[in-house]
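Here are some short exercises on a protein and DNA model, each with a worked solution. Have your viewer open and try each task before reading on.

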Protein chains: 2
Amino acid sequence: MSAQVSSARRRPRPEPGDEACDLVHLDPVRVARVRERQIRPAHAVILAETFRLLGDPTRVKLLDALAAEELCVCDLATLVGGSVSAVSHQLRSLRALRLVRTRRDGRMVYYSLDDAHIVSLLHQGRRHVEEVGQAPAGGRRRGGRG
Amino acid sequence: MSAQVSSARRRPRPEPGDEACDLVHLDPVRVARVRERQIRPAHAVILAETFRLLGDPTRVKLLDALAAEELCVCDLATLVGGSVSAVSHQLRSLRALRLVRTRRDGRMVYYSLDDAHIVSLLHQGRRHVEEVGQAPAGGRRRGGRG
DNA sequence: AGGATACTTGAGCGCTCATTCAAATGTCCG
DNA sequence: CGGACATTTGAATGAGCGCTCAAGTATCCT
């Protein structure tokens with residue numbers, strides 16, 4: 001672990017024949033090692049897409065509320081403190097990604113969760129936030145367990 | 001479970017004295033029940049903020065790469081396939097939220113992960129994506145293992 | 001000191017996205 | 001059928017974001 005780990009880290013001048021791309025100064029050993037375990041680009045996109053859905057306070061509240069039980073749009077709107085229209089729009093996105101499903105009962109439409117993975121992710125995140133209980137930007141603490 | 005669970009669900013006409021807000025048709029029992037378990041709005045914002053950071057392919061790749069080992073900016077740029085500047089901007093966001101930390105070694109700046117919770121979330125998500133291996137929008141399958 | 005390297009930063013731009021408002025759809029009741 | 005209700009949808013608007021480009025900072029080597 002100390003013989004030839006870094007090929008660029010201590011190199012005074014990069015040789016001209018080295019550059020295969022814009023970057024002539026990278027560490028090929030390290031890069032190759034990471035590449036083996038690296039997530040596939042397509043998967044990164046899908047994963048980001050999934051996390052992006054959770055990256056909005058309204059949707060977080062929506063999914064969190066639905067984790068308790070199924071709810072109609074107007075109850076959801078009340079619970080998350082938004083307009084019925086706004087909530088409906090968000091539910092549409094959630095439904096498009098199959099995160100929630102609907103059930104009609106007369107005029108009412110009841111929403112419920114449809115993806116156990118998301119619920120797991122959400123709850124894990126919620127647990128973390130409630131543990132630290134700090135604002136993330138500027139004032140966040142690591143290991144704020146006590 | 002069938003006595004008086006729903007006050008609005010089967011009510012023909014809402015009485016005029018009922019409306020305390022814009023919504024005159026909600027189910028107070030259900031709403032109250034969910035409210036007890038509901039995430040606090042401030043926590044929802046923090047949680048969304050956290051997930052939002054993970055809601056970008058470049059940042060997902062960045063964090064995923066750093067989960068393997070510490071890396072300098074130019075290696076990261078190579079691994080995620082972006083410009084050094086773009087990567088540096090993203091790392092700035094990540095650093096602001098204390099998701100990554102830096103270590104200087106001469107001219108190089110090495111980044112590494114600084115939040116175990118995020119890593120856990122990321123890996124959990126990655127595992128899920130690699131299990132289903134399907135695009136989320138339009139063609140997603142649940143339990144698409146076979 | 002001077003030049004090269006590794007990274008950061010600020011401005012600007014195009015794009016996405018969450019919300020609002022207004023209108024439409026579908027359902028129940030008389 | 002006609003009115004009230006629950007929800008959906010489309011257009012418009014405004015804010016935020018990620019990228020590029022160009023300059024700036026910090027470090028190393030001679």
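The exercises below go from the symmetry of the copies to their interface and then to the DNA.

This is a predicted model, in which local features need pLDDT of at least 70, side-chain atom pairs count only at pLDDT 80 or more, and totals for chains, interfaces and linings use all residues. Residues are numbered from 1 along each chain as its sequence is written, chains are lettered from A and ligands numbered from 1 in the order in which they are written, and side-chain values use heavy atoms, with hydrogens and water left out.

**Exercise 1. Work out how chain A and chain B are related.**

Step 1: superpose by least squares on the C-alpha atoms of residues with pLDDT of at least 70 in both copies. Chain A then lies on chain B with an RMSD of 0.0 Å, after a turn of 180° and a shift of 0.0 Å along the axis.

Step 2: the two copies are thus related as by a two-fold rotation axis.

Step 3: look at the contact (heavy atoms within 4.5 Å). The copies meet through the same surface, because 100% of the interface residues of chain A are also interface residues in chain B.

**Exercise 2. Describe the interface of chain A and chain B.**

Step 1: chain A gives 71 residues to the contact and chain B gives 71 residues.

Step 2: the buried area (accessible area, 1.4 Å probe, that two parts lose on being put together, summed over both) is about 6,600 Å², with 61% from carbon and sulfur atoms.

Step 3: count the salt bridges (a side-chain nitrogen of Lys or Arg within 4 Å of a carboxyl oxygen of Asp or Glu). There are 4 across the interface, including Glu69(A) with Arg33(B), whose closest N and O atoms are 2.6 Å apart.

Step 4: H6(A) supplies the largest share of the side of chain A that touches chain B, 11 residues; helices here are DSSP runs (H or I, at least four residues).

**Exercise 3. Find what surrounds DNA strand C.**

Step 1: select residues with a heavy atom within 4 Å of the strand. This gives 26 residues, the closest being His25(A), Arg59(A), Ser85(A), Gln90(A) and Tyr111(B).

Step 2: of the strand's atoms within 4 Å of the protein, 74% belong to sugar or phosphate and the rest to bases.

Step 3: inspect single atom pairs. A side-chain N or O atom of His89(A) is 3.3 Å from a base oxygen, a backbone N or O atom of Val73(B) lies 3.2 Å from a phosphate oxygen, and a side-chain N or O atom of Arg107(B) is 3.2 Å from a sugar or linking oxygen.

Step 4: H5(B) gives the largest share of the surface near the strand, 6 residues.

Key
Polar contact = N/O pair within 3.5 Å; in protein donor to acceptor, adjacent residues only side chain to side chain. Helix = DSSP H or I, 4+ residues; strand = E, 2+ residues; numbered from the N terminus.
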